[in-house]
Amino acid sequence: MSWETVIGLEVHVQLLTRSKMFCGCSAKFGDAPNTNVCPVCLGMPGSLPVPNEQAVRLAVRAAYALGCTVHGRSIFARKNYFYPDLPKGYQISQFEEPLATGGRLEIASPERGVLTVGITRLHLEEDAGKSFHDRMPGMTAVDFNRCGVPLIEIVSQPDLRSPVEARAYLVALKQVLKYLEVSDCNMEEGSLRVDANLSIRRPGAPLGTRTEVKNMNSFSGVERALTIERDRQIAGVERGEEIEQRTMLFDAAANEVRPMRSKEESHDYRYFPDPDLPPLVLSDAWLRAEREALPELPAAKRERFMASFGLSAYDAGVLVGTRELAEYYESVVAEGVEAKEAANWVMNDVLSLHPDDVQRALPPAAAAGVIRLVKAGTVSRQAAKRVLQELDARSASAALAADDALRVARELGLIQVQDTSQIETWVRETLEAHASEVARYRGGETKLMGFFVGQVMKRSKGKADPKAVSAALTSALEAPSGEN
Ligand SMILES: [Zn+2]
């Protein structure tokens with residue numbers, strides 16, 4: 001009998017604000033250690049926190065985009081614990097009355113198709129500092145720049161059923177947050193962090209005892225760590241052991257999970273409402289305005305691309321991958337190119353020049369110009385790729401217009417020859433040069449047609465229209481011998 005895996009994720013996301021959650025210090029990543037600090041984020045006696053309106057706004061947008069109910073009144077609470085990177089001795093978070101609850105996120109599970117994952121809650125909090133154990137020999141160094149940086153924590157329902165689904169959830173979540181410009185979701189810089197709860201059970205049985213898995217530094221790391229932890233739990237239970245509820249740390253280098261020392265684990269946070277911060281009260285009008293300001297989200301955009309451009313689910317999914325890519329594609333279509341044609345060119349050719357940077361892609365008008373040249377039969381598909389490359393190289397130094405595609409095709413001598421007599425000459429020359437292949441073809445080896453087309457194209461230096469070449473070859477080869 002098989003096991004079912006049950007996974008829920010807690011994701012911390014750093015909000016894209018200039019300043020911290022409760023003070024005016026810069027929230028920028030990578031500044032010299034301990035330079036972005038003040039009495040508020042260091043927790044000096046007598047200092048008072050003031051919430052950052054932009055952070056609240058971004059959190060509310062994320063909550064609405066995830067279909068949550070946003071509460072007009074929420075409470076900031078102190079989460080008390082001692083750690084060297086936490087100078088205040090507590091983190092300001094939200095506990096009993098969070099900003100938002102009860103949302104959902106649609107994901108594309110590789111195993112179960114499109115499904116909806118419940119979001120339990122989304123709340124605001126501040127980050128702690130960072131300890132470095134490898135900067136100075138025999139010592140631990142602490143950087144307080146991160147203290148007080150605004151975060152949201154997004155807690156999912158235990159709706160995920162495999163490590164690969166957990167990864168799909170993260171991909172979908174990151175996509176939505178990036179569309180909203182709520183966070184850059186850069187895992188390497190710590191602006192997106194994931195903790196997971198995982199348990200196993202027999203299908204239909206009540207939830208098993210769960211462990212928490214931490215210290216996963218990439219989406220692939222999440223998938224690997226959860227696979228290892230799932231296999232560890234199954235092997236343990238099948239040996240007759242009981243799962244202990246505890247925290248496991250992933251070690252990416254060793255490719256293993258191991259229990260955290262229990263001393264580090266024993267938490268009693270003694271949450272209580274922060275006496276320095278009144279309840280966070282958001283008016284209905286302000287909330288409504290934020291809700292109405294939401295951009296079109298990936299799922300809706302994908303549906304629209306399928307409905308109005310006739311794209312397949314796969315193509316639409318690729319093109320809405322990022323907001324920038326979707327906008328780029330739409331502006332190519334707006335240049336008057338057929339939508340499916342534009343989709344193929346954008347996905348296969350334009351993007352291949354700058355795979356990770358749509359900003360550097362060819363201006364839409366120039367890209368549309370190339371697509372039109374192919375459509376009109378002015379250049380071959382192959383030649384058009386060269387035109388694209390040349391335009392791309394030139395676009396670095398000059399602004400391009402729609403008619404530049406034709407100009408470049410002429411300059412490079414790529415205009416396709418459709419002149420029948422010129423093509424017939426090339427065909428005749430080719431057949432004369434390959435008399436033995438002609439004899440074999442006429443003897444029944446018709447697969448040599450590809451060879452002949454290739455030879456004629458070569459003779460034309462790629463300028464002949466391959467369709468016209470095929471037609472001319474067929475009529476020449478089918479003709480009774482002697483006529484050539
Ligand atoms: Zn500060």
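These questions and answers walk through a predicted model of one protein chain.

Student: Which domains does the assignment give, and how many Å separate the centres of domain 1 and domain 3?
Tutor: The assignment gives domain 1 (4-286), domain 2 (298-411) and domain 3 (420-478). Taken over C-alpha atoms, the centres of domain 1 and domain 3 are separated by 66 Å.

Student: Is the protein chain more spread out or less spread out than a compact globule, and what is its radius of gyration?
Tutor: The chain has 16 helices and 16 strands. For 484 residues the globule rule gives 23 Å, and the chain's value is well over that, so the chain is more spread out than a compact globule. Its C-alpha trace spans about 100 × 60 × 50 Å along the principal axes. The radius of gyration is 31 Å.

Student: Among contacts between residues at least 6 apart in sequence, what share joins residues at least 24 apart?
Tutor: Start with burial: 35% of the 484 residues count as buried. Now take the contacts between residues at least 6 apart in sequence. The share that joins residues at least 24 apart is 69%.

Student: Which helix gives the most to the largest nonpolar core?
Tutor: This core has 67 residues, and Ala59, Ala62, Ala63, Leu122 and Tyr169 touch the most other members. The top contributor, with 9 residues, is helix H1 (residues 53-65).

Student: Which residues does Ala59 touch, leaving out those up to four places away in sequence?
Tutor: Ala59 is among the core residues that touch the most other members. Leave out the residues up to four places away in sequence. The contacts are then Leu15, Leu99, Leu122, Leu124 and Ile152.

Student: How many residues are in the second, separate core?
Tutor: Nonpolar side chains tend to be buried together in soluble globular proteins. The second core includes Leu351, Val379, Val387 and Ala409. Its count is 36 residues.

Student: Where do the buried residues of helix H12 sit around the axis, and what arc do they cover?
Tutor: In H12 (residues 404-411) the buried residues are Asp404, Ala405, Val408 and Ala409. They lie on the same side of H12, because the arc they cover around the axis is only 135°.

Student: What covers the buried residues of H12, and which residue just after H12 takes a positive phi?
Tutor: The cover includes helix H10 (364-375) and helix H11 (381-395). Just after H12, the backbone takes a positive phi of about 65° at Gly413.

Student: Why do the buried residues of helix H8 line one face, and what arc do they fall within?
Tutor: In H8 (residues 323-333), Ala326, Tyr328, Tyr329, Val332 and Val333 are buried. Residues three or four places apart in an α-helix point the same way, because there are 3.6 residues a turn. Seen down the axis, the buried residues of H8 line one face because they fall within an arc of 160°.

Student: Which helices do the buried residues of H8 pack against?
Tutor: H8 runs over residues 323-333, and Tyr328 and Tyr329 are among its buried residues. The packing partners are H6 (298-309), H7, H9 (339-353) and H10.

Student: Is Ala313 buried or partly exposed?
Tutor: Ala313 lies in helix H7 (residues 313-319). A residue counts as buried with 20 or more other C-beta atoms within 10 Å. Ala313 has 13, so it is partly exposed.

Student: Which strands stand at the edges of the open sheet E5-E4-E15?
Tutor: The 3 strands of this sheet pair in the antiparallel sense. Strand E4 (residues 77-80) joins E5 by 4 bridges, and Ala77 has Ser93 of E5 as its bridge partner. The edge strands each have a single partner strand, so one side of each is left without a neighbour in the sheet: E5 (90-93) and E15 (272-273).

Student: Is the pairing of E12 and E13 parallel or antiparallel?
Tutor: E11 (residues 192-201) and E12 (residues 211-216) pair in the antiparallel sense over 4 bridges, with Val194 opposite Met216. E12 joins E13 (residues 247-251) by 3 bridges, and Glu212 stands opposite Thr247. The pairing of E12 and E13 is parallel.

Student: Which residue in the turn of the E13 and E14 hairpin has a positive phi?
Tutor: E13 and E14 (residues 256-259) pair in the antiparallel sense over 4 bridges. Leu249 has Arg258 as its bridge partner in E14. The hairpin has 4 residues between its strands, and the one with a positive phi of about 55° is Asn255.

How values were computed
Residues are numbered from 1 along each chain as its sequence is written. This is a predicted model: local features need pLDDT of at least 70, side-chain atom pairs count only at pLDDT 80 or more; totals for chains, interfaces and linings use all residues. Domain bounds come from an automatic or database domain assignment. Helices (H or I, at least four residues) and strands (E, at least two) are DSSP runs, numbered from the N terminus. The radius of gyration is taken over C-alpha atoms; the globule rule is 2.2 Å times the number of residues to the power 0.38. A residue is buried if 20 or more other C-beta atoms lie within 10 Å of its own, exposed if 12 or fewer, and partly exposed in between; C-beta atoms are placed from the backbone. Two residues are in contact if their C-beta atoms, placed from the backbone, lie within 7 Å. The arc is that of the directions from the helix axis to the C-beta atoms. Two strands pair if DSSP finds at least two bridges between them. A nonpolar core is a set of buried Ala, Val, Leu, Ile, Met, Phe, Trp, Tyr and Cys residues joined through C-beta atoms within 7 Å.
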